[in-house]
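Good morning, and thank you for the opportunity to present. Please take a moment with the sequence and the structure before I begin.

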Amino acid sequence: MKDEKKRGRPRGFDASAAIGKAREVFWDRGFSAASLDNLSAATSLNRPSLYNAFGDKEDLYLDALEGYRADSMVALEDALDPSLPVRENLARMYDRALATYLHGDTAARGCLLISTATVEAVRHERVREVLGRSLADFDRAIEGRLALAIERGELPEKTDPKALARLASTIMHSLAVRARAGETREALEALARCGVDLICGAP
């Protein structure tokens, strides 16, 4: 958030909590269908207070995306703990992703970035930038762990860690879309296991 947005905030305002509540609205409804009334109700802020605190709806959506991206990177880096075998790292990565993707009050919501930002990226340059940067950061984190696995002999020496990292990410994106489409946890877990085997080889 920009400093100029801070004027006129209500007493006791918690920006992080408000962004978190707005994130839930955007995740359930998408950017376009999330009305200011929806956001006001979720954050307990009236429209003038929302504008003063965050700017317009796109600014608030971008704040929500950035928060989701940061949380996702923390979870990813924890899943890729190098003290664990790379196979376990990937299994943990997909397991934690599914815990997020299958969450929702009425239906599984998938990934906030994949489910909502991909739609808005065509018309909103700033959303496209956050989406592209997020995907690149996720790929780099996975690539770093796979490169270490090659050094340790966990993966064949001629393995291309960049290509495999993109494949690992692609599987995760598919899990997000399929979760939102209503596939069962069992089917998604089976796909995740196949993904681990594809990257690491059959156990």
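I shall use the word contact to mean heavy atoms within 4.5 Å. Please also note that this is a predicted model.

With that definition in hand, consider leucine 113, which is placed in helix H6. Not counting residues up to four places away in sequence, leucine 113 touches Leu65, Tyr68, Thr118, Leu131, Ser134 and Phe138. One of these partners, leucine 65, is 48 residues from leucine 113 in sequence, yet the two C-alpha atoms are 7.0 Å apart in space. Is leucine 113 buried or exposed? Its relative accessibility is 1%, and buried means under 20%, so leucine 113 counts as buried.

Let me turn to the largest pocket. It holds about 320 Å³ of space. Of the 19 residues that line it, the closest to its centre are Tyr68, Ser72, Ala97, Tyr101 and Met172. Tyr68 is also among the residues that leucine 113 touches. Which helices supply the lining, with at least two residues each? They are H4, H5, H6, H7 and H8, and H4 gives the largest share, with 6 residues. By class, the lining comprises 13 nonpolar, 3 polar and 3 charged residues.

Finally, the chain as a whole. Its secondary structure amounts to 9 helices and 0 strands. Of its 203 residues, 45% count as buried. Among contacts between residues at least 6 apart in sequence, 66% join residues at least 24 apart. The chain exposes about 10500 Å², of which carbon and sulfur atoms supply 52%.

Note on methods
Residues are numbered from 1 along each chain as its sequence is written. This is a predicted model: local features need pLDDT of at least 70, side-chain atom pairs count only at pLDDT 80 or more; totals for chains, interfaces and linings use all residues. Side-chain values use heavy atoms; hydrogens and water are left out. On a 1 Å grid over the protein atoms alone, a cavity is a set of points where a 1.4 Å probe fits but cannot get out, and a pocket is an open set with protein on both sides within 12 Å along at least five of seven lines; lining residues have an atom within 4 Å of a point. Grid points are joined across faces, edges and corners, and a volume is the space filled by probe spheres set on the points. Helices (H or I, at least four residues) and strands (E, at least two) are DSSP runs, numbered from the N terminus. Ala, Val, Leu, Ile, Met, Phe, Trp, Tyr, Cys and Pro count as nonpolar, Asp, Glu, Lys and Arg as charged, and the others, Gly among them, as polar. Buried means under 20% relative accessible area, exposed over 50%, partly exposed in between (1.4 Å probe, protein chains only). Accessible areas come from the Shrake-Rupley method with a 1.4 Å probe; for residues, only the protein chains shown count as cover.
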